[in-house]
Amino acid sequence: PMASAGVQRAADAAAGAITLGNKRRMDVEPAEGSRKMASTHIDKLALVHVRNRRQLVARSRGKSAFFTPGGKREAGERDEAALVRECKEELSVDLKAESIQRYGVFEAQAHGKPEGTMVRM
């Protein structure tokens, strides 16, 4: 069985979130005695396909880093449509939109971006 994940927009994450295209800047409450800092979130969708305990990942020709297929929504695009489009572009496969199921929300430091730039999928 195939598990795919179209991540819903995170209910505008928290009070104080400002959405700028696909980037979101969020004010983070400072720890006692420290300065207030802001982090940037990049909102993406990802295909999570696991079979026999192995996850499908991809790697661009000439690159060393692997990535989970997916990407950003275009303006006004629904999650399922964006994931279908991104997988077609990156993997040359046609996902069936009706097979897509929400899997979860994951967040980590964005690869190759300044510290504090987080990707949320």
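## Nonpolar core

In this predicted model, the largest nonpolar core (buried Ala, Val, Leu, Ile, Met, Phe, Trp, Tyr and Cys residues joined through side-chain atoms within 4.5 Å) has seven residues, namely Leu 45, Leu 47, Ala 82, Leu 83, Cys 87, Leu 95 and Ile 100. Helix α1 (residues 79-91) supplies the largest share of this core, three residues, where helices are DSSP runs of H or I with at least four residues and strands are runs of E with at least two, numbered from the N terminus. Buried means under 20% relative accessible area, exposed over 50% and partly exposed in between, with a 1.4 Å probe and protein chains only.

## Salt bridges

Nine salt bridges are counted, each a side-chain nitrogen of Lys or Arg within 4 Å of a carboxyl oxygen of Asp or Glu. One of them joins Arg 85 and Glu 74 at 3.7 Å, N to O; because Arg 85 lies in helix α1 and Glu 74 in the loop between β7 (70-71) and α1, the pair ties together parts that are eleven residues apart in sequence. Arg 85 counts as buried at 17% relative accessibility, whereas Glu 74 is partly exposed at 45%.

## Confidence and conventions

The average pLDDT (the predictor's confidence in each residue, from 0 to 100) is 75 for the chain, and 69% of the residues score at least 70. Over residues 1-31 the pLDDT is below 50.

Residues are numbered from 1 along each chain as its sequence is written, and side-chain values use heavy atoms, with hydrogens and water left out. Local features need pLDDT of at least 70 and side-chain atom pairs count only at pLDDT 80 or more, while totals for chains, interfaces and linings use all residues.

Definitions and conventions: Contact = heavy atoms within 4.5 Å.
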